Amino acid sequence: MLSILIENMGLLCSRQRPLTEADAKEKSQAAEIERRIAQESKIEKHIHKLLLLGAGESGKSTIFKQIKLLFQTGFDEAELMSYISVIHANVYQTIKLLYDGSKEFAQNEEGSSKYVISPDNQDIGEKFSQIGDRFDYPRLSKELAQEIETLWKDDAIQETYARANELQVPECTHYFMENLHRLSDTNYIPTKEDVLYSRVRTTGVVEIQFSPVGDSRKSGEVYRLFDVGGQKNERRKWIHLFEGVTAVIFCAAISEYDQTLFEDENKNRMMETRELFDWVLKQPCFEKTSFLLFLNKFDIFEKKVTKVPLNVCEWFKDYQPIATGKQEIEHAYEFVKKKFEELYFQSTTPDRVDRVFKIYRTTALDQKLVKKTFKLVDETLRRRNLIEAGLL
Amino acid sequence: MPLFQLPVWRRDGEIRYDTLCALDLESHTVINQKEESFREKIDLKTMIDELDCVEIPCVFICPISLEPMLDPVTLCTGQTYDRANIMKWFSMGHLTCPTTMQELWDDSITPNKTLHHLIYSWYSQRYLYQKKRSEDVQGRVKELLETLKKAKGQTRVQALKELHQVVSAHESAKKTVVDENGVSLISSLLGPFTSHAVGSEAIAILVNITLDSEVKSSLTQPAKVSLIVDMLNEGTLETKINCTRLIEILINEKDFGSEIGSSLSLLSGLLRLVKDRRFPNGIAAGLGLLRILCSYKQVQTLVVGIGAVSQLVELLPNANSDCLEMALSILELLSSVPEGRMALKDCPVSIPNLVKLLMKVSEICTQYALSILWAICKLAPEECAALAVEAGLAAKLLLVIQSGCNPALKQRSAELLKLCSLNYTATIFISKCKLTRTIQ
């Protein structure tokens, strides 16, 4: 035994072991892995990461879909078909919300009969209220579509729709209700527009990688865009993404100054956006990140601002209209823009003042507009890159 | 072909100056005026005035006036002068040749036609060349403006770049741009979706041309203004300076000054220009516009809010005299609001930097510096006065009082001196008043 001990002594600590074949292989594998890591890190450095942030229903996912349509191969037929269930679900959810809403209004406004559904339609209403409660919705057939249309055209429902800002009715309502016949066709294949309007709450994180085309084709810039959930209860999921992003695209729906949150009906959506923007600006990981603020849903804002004054939102309470018509819309928009600008500078300490901050007016559903906007975004980020590299 | 008017020497010996014929300088033939119509009668004096020639051959210059000769005449000594000048010389009673100082034995003056011919043709050649070049330039400008009406993308950027070059090199190009409605065309290219490349070139051109009131008021639209502010924040130094100049041009439009002054993006962009020590031109441009904007009360608070005070104070020691005056003027305006005074007090180097500037650069700088120090010391007398005295304020104030500057300034200095002396006993204070270094 002693001989065995003597033989093995020192073998544990000694490095000068003759390389066996297995060792050599391990070494070369390790080297290969190291090289691949170095290579990928190098590539990663050239990929600009963009993070889409914003409150719920601010239009982040729509922008995401638009980028997919503009710079990737778009949606193929299978993907388009996969949206059918979402679109039909939206229809059921919406009609249920409107029906339930009309009942609520009718109850609260004793004496007024404007929210009372006509007797013929009441059964239809109850039926859809129940369907809307289920987890799995039936496929939208022609008959069901017809019934929904009848209900939609009911005066009470239209009156309820006029007060849609008090309910959590999504913005795609009008669009889908107008297209019910097409949506319920047996051979229905959703169009790009249908997909853009469809609404499903994003959970988790979605990402796409793309290269913008056009003048910058030669530069070979690659972007990776991340879309995250917007509701309050999902924000903790974003945190691990915050490291190393080139830019944050913050979506703020400026049309929702008179609406309340999905998660908390006592909270005004614009105030929520304001708090979120403030919070995001102050995060330490965004010290050097460029901020691109998309003031979204301008099309709805345009129509709303002449009818519903901005002062209903506490943040905009010092707004004074000065004109009417188009001039007033522009004036209101400039006011909102200035408020966001003020907020940015208030939340930015002097050492961070050098980061890029730009505001864009967008309507995420308009593909041409998104394309033009993104061209500008691309130019800004490329210039920033060159400036940081000392080449400009 | 250059034409030259010859007085006709008639058979009877009379020289007629009214019947003129043309001498074709190229072929040296005489063309009768009645036979050929003149294309243009180019007057020598006009050509000399319009051409800015640097290397005029010295033989063309009159020794008396040192200007090119319009009507050279030769004296009997063989020296040539301009007729008007030598006649004046003679009318003063002199009968000598100005350059050789010889007494004239013959008072005849001979017109030096050869020299006149040479001077005329020399100028004509250059004049026609310049005219042609200018026509080329005008033609090019028209072409570029046509291109701009239709081009997109890179073509548009290239056309603008070339137009910018042409306009910078030739004055006549500017006029052509204005005449061909180019200004409103270029201004219409600016909008919410204008790329930086297009915008920066467009602004570079507009800044060099006088803008009429219609264009100016269209440039004050919010979308265009946002674009200009964005470019000021993101552009190269040249673009940034062009943007500040353009804003200065527009500042007198109705309400524009106070509106744009409240744009925090603009103010922080200007501050960034001022902070960048590498480019003194940028600093001067930024300070210039900042001073104009700070004349509006509401802008003053905003400017303090973005941390301008400490930045301005820190640049005082190294600034050249123009920048110094502007920076001090801004700080004085800012010291008129409470937030500004607080910021000045909180900045640790404000007092030392300001004290150093007293009586160092100019009277106006001393006035500003004194005013600011007064504001700081009034805010927190014990604390700040002590700091100021430690920095050598007392000695400087004495200098001011003894100097030849205006009485109001002396009065101020005396008051400040009194304020500072309150916390010291007489002997200690006097010791603080001694100058430790001579002032250059």
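## Exercises on a two-chain predicted model

The contact between the chains draws 22 residues from chain B and 20 residues from chain A. The model is a predicted one.

**Exercise 1.** State how much area is buried between chain B and chain A, and which residues of chain B lose the most.

*Solution.*
1. The area buried between chain B and chain A is about 1,700 Å².
2. Carbon and sulfur atoms give 52% of that area.
3. On the side of chain B, the residues losing the most area to chain A are Phe193(B), Glu234(B) and Leu264(B). Together they give 35% of what that side buries.

**Exercise 2.** Find how many salt bridges the rule gives across the interface of chain B and chain A, and identify the partners of Glu234(B) and Arg199(A).

*Solution.*
1. Over all chains, a search of the whole structure returns 28 salt bridges.
2. Across the interface of chain B and chain A, the count is one.
3. Glu234(B) pairs with Lys358(A), and the closest N and O atoms are 3.3 Å apart. Glu234(B) is also among the residues of chain B that lose the most area to chain A.
4. Within chain A, the side chain of Arg199(A) forms a salt bridge with that of Glu57(A), at 3.9 Å from N to O. The cut-off for a salt bridge is 4 Å.
5. Arg199(A) sits in the loop between helix H11 (192-197) and strand E2 (205-210) of chain A, and Glu57(A) in the loop between strand E1 (47-54) and helix H3 (60-71) of chain A, so this pair ties together parts 142 residues apart in sequence.

**Exercise 3.** Classify the packing of H3(B) with H4(B) from the angle at which their axes cross.

*Solution.*
1. The axes of helix H3 (residues 113-150) and helix H4 (residues 153-169) of chain B come within 10 Å and cross at roughly 155°.
2. Angles over 145 degrees count as roughly antiparallel, and H3(B) and H4(B) are therefore roughly antiparallel to each other.
3. Their crossing is left-handed.
4. H3(B) contributes residues including Val137(B), Leu144(B) and Leu148(B), while H4(B) contributes residues including Arg156(B), Leu160(B) and Val166(B).
5. By class, the contact has nine nonpolar, no polar and three charged residues.

**Exercise 4.** Do the same for H3(A) and H15(A).

*Solution.*
1. The axes of H3(A) and helix H15 (residues 367-388) of chain A come within 10 Å and cross at roughly 85°.
2. H3(A) and H15(A) are therefore roughly perpendicular to each other.
3. Gln66(A), Ile67(A), Leu69(A), Leu70(A) and Phe71(A) of H3(A) meet Gln367(A), Val370(A), Lys371(A) and Phe374(A) of H15(A).
4. These residues divide into six nonpolar, two polar and one charged.

Key. Residues are numbered from 1 along each chain as its sequence is written. Chains are lettered from A and ligands numbered from 1 in the order in which they are written. This is a predicted model: local features need pLDDT of at least 70, side-chain atom pairs count only at pLDDT 80 or more; totals for chains, interfaces and linings use all residues. Side-chain values use heavy atoms; hydrogens and water are left out. Axes are lines fitted to C-alpha atoms, for helices over the stretch in contact, and angles run from 0 to 180 degrees between N-to-C directions. Helices (H or I, at least four residues) and strands (E, at least two) are DSSP runs, numbered from the N terminus. Angles under 35 degrees count as roughly parallel, over 145 as roughly antiparallel, 65 to 115 as roughly perpendicular and the rest as oblique. A crossing is left-handed if the near helix is turned anticlockwise from the far one by less than a right angle, and right-handed if clockwise. Contact means heavy atoms within 4.5 Å. Ala, Val, Leu, Ile, Met, Phe, Trp, Tyr, Cys and Pro count as nonpolar, Asp, Glu, Lys and Arg as charged, and the others, Gly among them, as polar. Buried area is the accessible area (1.4 Å probe) that two parts lose on being put together, summed over both.
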